[in-house]
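Open your viewer, switch to a cartoon view and keep the selection box handy. We will go from stop to stop, with something to pick at each one.

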Amino acid sequence: MSRFPHIARVLLVPLAVLAVVAAALATLAGTERGTAFLLDSASRFSGGVLHVGRARGRLLGELRLADLQLVFAGGELTVGSLVLDWHPAALVRGTVVIDTLHLDAVSLRLDGSDGEEPESGALRPEELPLPVDVTLRDVQVTGIEILVDGENTAGVDRLVLSAALVDRELSIERFAIHSELGSLSAAGDIAATDRLPMALALQWQAPLADGVIAGGELVLRGDADRLEVGHSGRGALPVD
């Protein structure tokens, strides 16, 4: 007698269990109450690694979180508020599509270390694991602070990003960062291959004394073998 029916049943049982579990999780993630239950469970069973103060919306849709905390080795990340709106169905096509990702009051706290960092070999761009394509339509992060051993080492008022990563090619529609030290914006294309072909334009501004603004535009075009660099001054005090 063939053992194939018995083997088939042995294989189908765990697959059926996984399918039921996946369907149950998807059902929970698709409702507001289910999402609250999943997040609360994740916080309770994370052993203090994850904490979510308040949650509204659905994991599989528009989601709003408040008082988010993530603890990791060597520091912690806190976020006052997070708004996420994305398209889970796009994952079937191997693409992460995020319409909106807004974060406010972001604090990254790092513990200083006097130990030697482990040596690591150079990583080639083509070795970067990029399993899915990513589309970011509206990313905004405000109120960013970075603290090392309790001292504020960097602060950013606002960061904005609109970009897409498709077939290892990054297309930046808009990138902008603003702080009390000045501002930087960029747009262009760059490919995650060993030659790193790129065409990028970066504009920068920095305030000086008496309200004078220095600035300019930096243009990068070419690849790792041959890169053309150009700069032109802008603002009240252009820097060439």
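Which residue in strand 11 does G222 stand opposite? Select G222 together with L227, since L227 is its counterpart in strand 11. This is a predicted model. Now widen the selection to strand 10 (residues 213-222) and strand 11 (residues 227-234): the two run antiparallel and are joined by eight bridges. They form a hairpin, with four residues between them.

Stay in that connection and show the side chain of D225. D225 meets R195 in a salt bridge, at 3.3 Å from N to O. The partners are 30 residues apart in the chain, with R195 sitting in the loop between strand 8 (182-191) and strand 9 (198-207). D225 is exposed at 64% relative accessibility, while R195 is partly exposed at 48%. Add D223 to the selection, and you have the network that shared salt-bridge partners make of R195, D223 and D225.

Next, select R137 and D99. Their side chains form a salt bridge of 2.6 Å, N to O. It links strand 5 (residues 133-148), home of R137, to strand 4 (residues 95-110), which holds D99.

Then move to R54 and D67, another salt bridge, with the closest N and O atoms 3.3 Å apart. R54 lies in strand 1 and D67 in strand 2 (residues 62-72). The whole structure has eight salt bridges.

For the last stop, pick V49, L70 and F72, which make a nonpolar surface patch of about 220 Å². V49 belongs to the loop between helix 2 (32-45) and strand 1 (50-57), and is partly exposed at 36% relative accessible area.

How values were computed: Residues are numbered from 1 along each chain as its sequence is written. This is a predicted model: local features need pLDDT of at least 70, side-chain atom pairs count only at pLDDT 80 or more; totals for chains, interfaces and linings use all residues. Side-chain values use heavy atoms; hydrogens and water are left out. Patches are made of residues with over 30% relative accessible area and no salt bridge: like charges are joined within 9 Å, nonpolar side chains (Val, Leu, Ile, Met, Phe, Trp, Tyr) within 5 Å. Accessible areas come from the Shrake-Rupley method with a 1.4 Å probe; for residues, only the protein chains shown count as cover. A salt bridge is a side-chain nitrogen of Lys or Arg within 4 Å of a carboxyl oxygen of Asp or Glu. Buried means under 20% relative accessible area, exposed over 50%, partly exposed in between (1.4 Å probe, protein chains only). Two strands pair if DSSP finds at least two bridges between them.
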